[in-house]
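Here's a quick walk through a ligand site and a few strand pairings. Keep the viewer open and follow along.

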Amino acid sequence: MKFYVTTPIYYVNDVPTVGHAYTTIACDVLARYHRLRGDEVLFTTGTDENALKVVRAAEAQGIEPKPFADDMADRFRQEWRELDISYDDFIRTTEERQHRAVQVFFDSLYRSGDLYVGKYEGWYCVSDETYFREEELIEGRCPNPECGKKVEWMSEPAHFFRLSKYEQALLEQIGRDPGWLLPEFRKNEVVNFIRGGLRDVCISRHSDWGIPMPSTVPDSEGAVIYVWVDALVNYLTCAGYPDDRDRFEHYWPADVHVMAKDIFVRFHASMWPAMLMSAGLPLPKRIVAHGWWTQGGEKISKSRGGAVPRPGPVLEMLMEETGCSRPRAVDALRYYMLRQVPFGQDGEFTGEGLLIRYADDLANDLGNLLHRVLPMIRRYRQGLIPAPCQAEPELHDAAKAAAGGWDKAVSTLDFRGGLEVIWEFLGAANRYVDHKAPWALAKSGDDAALDRVLYAAAEAIRIAACLVAPVMPSTSDEIERQLGLEGWERRWPQASEWGLLPGGATIGQSERLFPRADAAKSKASPGEHTAPKSSTSAGKEAMISLKEFQKLELRVGEIVSAERVPNADKLLKLSVDLGEETRTMVAGIALSYKPEELVGRSVVVVANLEPATIRGVRSEGMILAGWVEGDDQSIAIVTPDRPVPKGSVVS
Ligand code: ME8
C-alpha cells in the first residue's frame with residue numbers, strides 16, 4: 001500500500017513556531033506509523049516562497065528575496081532535523097520543478113475553459129495573501145481576526161478562475177464521501193461557505209517575484225501566478241507531476257493533506273479541489289484541519305510580536321528543567337503536542353503543561369516501568385532475559401487493546417485518543433509488576449514464577465516501545481537498546497504479538513530515560529518522605545497480609561551526599577546509592593542529623609514508593625526512621641547492625 005501525506009508548505013517570512021512544528025510532527029507520526037506497517041510512504045513538506053510577504057520580509061532585512069528565502073528554507077530544514085522529522089521530500093516553490101509543474105497546471109486550467117481575463121479592483125491583504133470584498137473588511141482592515149492588518153488597493157488586469165462553476169460539484173463530493181473532510185464540525189463550515197456562494201478567484205498578479213504565467217495564456221506578459229495556486233500545486237509536484245507519469249500515478253491522489261483551520265475552508269477544501277476538478281485530476285482522499293496552538297488565548301503566529309514559542313527554546317527549557325538529553329526533550333515535545341489537545345481543537349501551549357506531561361506520563365508511567373524492571377533482571381537474572389513465557393492475559397489483552405485502539409485512532413488522526421489507550425496499557429503493565437511483586441518472589445525463591453513475571457514485564461516494555469515508536473522514535477530506539485534489542489527490525493504486527501522478545505538476550509546498560517524534573521509537578525500529593533510520626537497500635541482492621549507486606553520493596557542503601565533543602569528547617573536532600581542506581585530522597589531529619597554526619601551511613605529505604613516533589617525537590621524513595629524515646633523532636637534512622645551490600649532486599 002502506498003501512503004502519501006503532506007504538510008502545508010510554510011511561508012518563509014520567518015522561522016517556524018511550535019504551531020508549524022505541530023502539523024509537521026503530526027504528519028511525521030502518520031508517515032512513521034505507515035512505514036512501520038510496511039506501506040510505501042511519501043511524506044512531503046517544504047516552503048512557500050513566492051509570496052509578497054516574503055519580499056517584504058526580505059526588504060525589511062535589506063536582502064534580495066532569493067538569498068533570504070535560501071536562508072529561511074535552510075532554517076526550516078534544520079528545525080525539522082532537530083525534531084526528528086522523517087520527510088521524504090522538501091519542496092521549495094522557487095525550484096525549477098515547481099515552476100514547470102505550476103505552469104503546466106495553469107495551462108490546463110486555461111485549456112479547460114475555466115480561466116478568463118478581467119480586471120481586478122479590490123482590496124488585498126499581503127499578510128494573508130488574500131483578496132477581500134469591500135464589505136468583508138472590518139474598519140478598512142483585513143477581516144481575519146488573527147490578522148487585522150491594513151489592506152492595500154489593487155487595480156490591474158487580471159486572470160480569474162471560475163470557482164463559482166464548482167459549487168455544486170464540491171457539495172456533491174462532500175455529500176458522497178463523508179470522511180473526505182475532517183473534523184466533522186469543520187466540514188459544516190465548508191458547506192456553509194460554499195452555500196454562501198463561491199466567487200471566481202483572481203489568480204494572477206503583476207510582480208517580478210513569482211512564477212511567470214505560461215505564454216500560452218492570453219495577456220500573460222508581466223503576470224505571475226497567484227501564490228496560492230502556486231503553493232497548492234506543490235502537492236502534485238512532489239508526486240511527480242507533470243513529467244514522471246509512473247510516479248504520479250503511483251502516489252497521486254494524496255492520502256491526506258493536513259493543516260490548521262486557517263487555510264482549510266477557503267483554500268484546501270474549496271479552491272484546491274475545484275482546481276483539480278478543472279484540471280481533470282483526482283481529488284486528495286482526505287483533507288484534515290487541526291486547531292490552533294494559542295498563547296494567552298491568541299493564535300501563536302510568526303507575525304505576532306512578542307515572545308513566540310519556537311521549538312528550539314522550548315527544548316532548551318525542558319532540558320534545563322529536567323536534566324534530560326536533547327533526544328528525550330524532542331520526544332517529550334512531540335508527545336506533549338499530540339497528547340495534550342484533541343486534534344481539531346485549539347490548545348494553550350504552556351511550559352508548565354509540558355513539564356507536567358513529562359513528569360507524569362514519561363518519567364513516571366513509561367520511565368518507571370523500564371527502571372523498575374531492568375534492574376531486577378540485572379539483579380536476579382544476571383542481566384539475561386528469561387525464556388519466553390506464555391502470554392499473561394492481563395498484559396496481553398491490554399497490549400492488543402492498545403494496538404487496536406491506536407490503529408483505529410490513527411485512521412481518524414485522533415492522536416490523543418490513541419496515546420490514551422497506549423497509556424492504559426502502560427498502567428496495566430505497572431500494575432502487573434506491583435501486583436506480582438517480583439522482589440517478593442525473589443525472596444521466596446520461587447524461580448519459575450520470577451522468570452515468568454520478569455519475562456512478561458520485559459515483553460510488555462518491548463510492546464510499549466513499538467507502540468510509541470511513531471510518536472517517540474528515538475526513545476523507542478533507546479528502550480530497545482536497553483532491552484538488548486539493538487538493531488531489531490521493528491514492524492507493526494509485532495506490536496501486540498506476544499513472545500517475540502528473545503529469551504537469553506543480554507540487556508543493555510541502563511540509563512534513566514526521563515530524569516525526574518525538579519520543577520515538574522508530580523501526580524503524587526506532596527508529603528515528606530520519612531516515616532510518619534504517629535505510631536498507633538494497629539487495630540485488626542488495619543492489619544495487612546503477608547502478601548501485602550511483600551509488596552513493599554525495602555532495600556539497604558548508602559548515603560553518598562546530603563545537603564539542606566533551602567527554606568526548609570527539617571528537610572535534607574540525600575543521594576542514596578542502591579547498588580544499581582543512585583536516587584534522590586528528601587527526609588525530614590535535619591533537626592537530628594547534620595548533613596556531613598550522614599555521608600557513608602547505611603540506611604533502609606522504601607524503594608518502590610511513588611515519587612513526590614517536596615519543596616521543589618523530587619523525592620524517589622523514603623528513608624526509614626523512628627522517634628527517639630522520650631524526645632519527640634529527635635529522630636533516629638534505621639541502619640543494619642552489620643555491613644550489608646548496597647541494594648540488598650530487607651525482609
Ligand atoms: O499558510 N497552531 O503558511 P504558514 C497550529 N504557505 N498550527 C499552526 C499554527 C498554530 N498556532 N501556526 C502555524 C501558509 N501553524 C501557506 C500554506 S499550503 C499549500 C500553503 C501551521 O507559514 C498550520 O499547519 O502561514 C497552518 O495551517 C500552517 O502552519 C500555516 O503556515
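## Strands and a ligand site

Let's start out in the strands: Ala562 has Leu574, in β17, as its bridge partner. That pair belongs to a longer run, since β16 and β17 (residues 572–577) are linked by six bridges and pair in the antiparallel sense. Keep in mind that this is a predicted model.

β16 covers residues 554–564, and β19 covers residues 602–606. These two strands run antiparallel as well, joined by five bridges. If you want a spot to click on, try Arg555, which stands opposite Val605 in β19.

There's also an open sheet of three strands, and its pairing is mixed. Which order do those strands take? Reading across, you get β14-β13-β15. The edges are β14 (298–299) and β15 (347–348), each of which pairs on one side only. β13 spans residues 293–295 and is joined to β14 by two bridges, with the two strands running antiparallel. One residue to look up here is Thr294, whose bridge partner in β14 is Lys299.

Now for the ligand. How many residues surround it? The shell holds 24 residues, and the closest are Ile9, Thr23, Asp48, Ile300 and Lys302. Three of those residues have an atom pair with the ligand worth pulling up in your viewer:

| Residue | Protein atom | Ligand atom | Distance |
|---|---|---|---|
| Ile9 | backbone N or O | nitrogen | 2.8 Å |
| Thr23 | polar side-chain atom | oxygen | 2.6 Å |
| Asp48 | polar side-chain atom | nitrogen | 2.7 Å |

Is the ligand mostly buried or exposed? On its own the ligand exposes 670 Å², and the protein buries 97% of that. The space the ligand takes up is the largest pocket.

What is the shell made of? Sorted by class, the residues around the ligand are 14 nonpolar, six polar and four charged. As for where they come from, four elements each supply at least two shell residues: the strands β1 (2–11) and β11 (256–260), plus the helices α1 (18–36) and α7 (227–238).

So what should you look at if you've only got a minute? Go to the ligand and find Ile9, Thr23 and Asp48, which are among the closest residues to it. Then hop over to β16 and check its antiparallel partners, β19 with five bridges and β17 with six.

Notes:
Residues numbered from 1 in each chain as written. Predicted model: local features only at pLDDT ≥ 70, side-chain atom pairs only at ≥ 80, totals over all residues. Heavy atoms only, no water. Near = heavy atom within 4 Å. Polar contact = N/O pair within 3.5 Å; in protein donor to acceptor, adjacent residues only side chain to side chain. Areas by Shrake-Rupley, 256 points an atom, 1.4 Å probe, with all protein chains shown as cover. 1 Å grid on protein atoms, 1.4 Å probe; cavity = no way out; pocket = protein on both sides within 12 Å on 5 of 7 lines; lining within 4 Å. Sits in = over half its atoms within 2 Å of the grid points. Nonpolar A, V, L, I, M, F, W, Y, C, P; charged D, E, K, R; others polar. Pairing = 2+ DSSP bridges.
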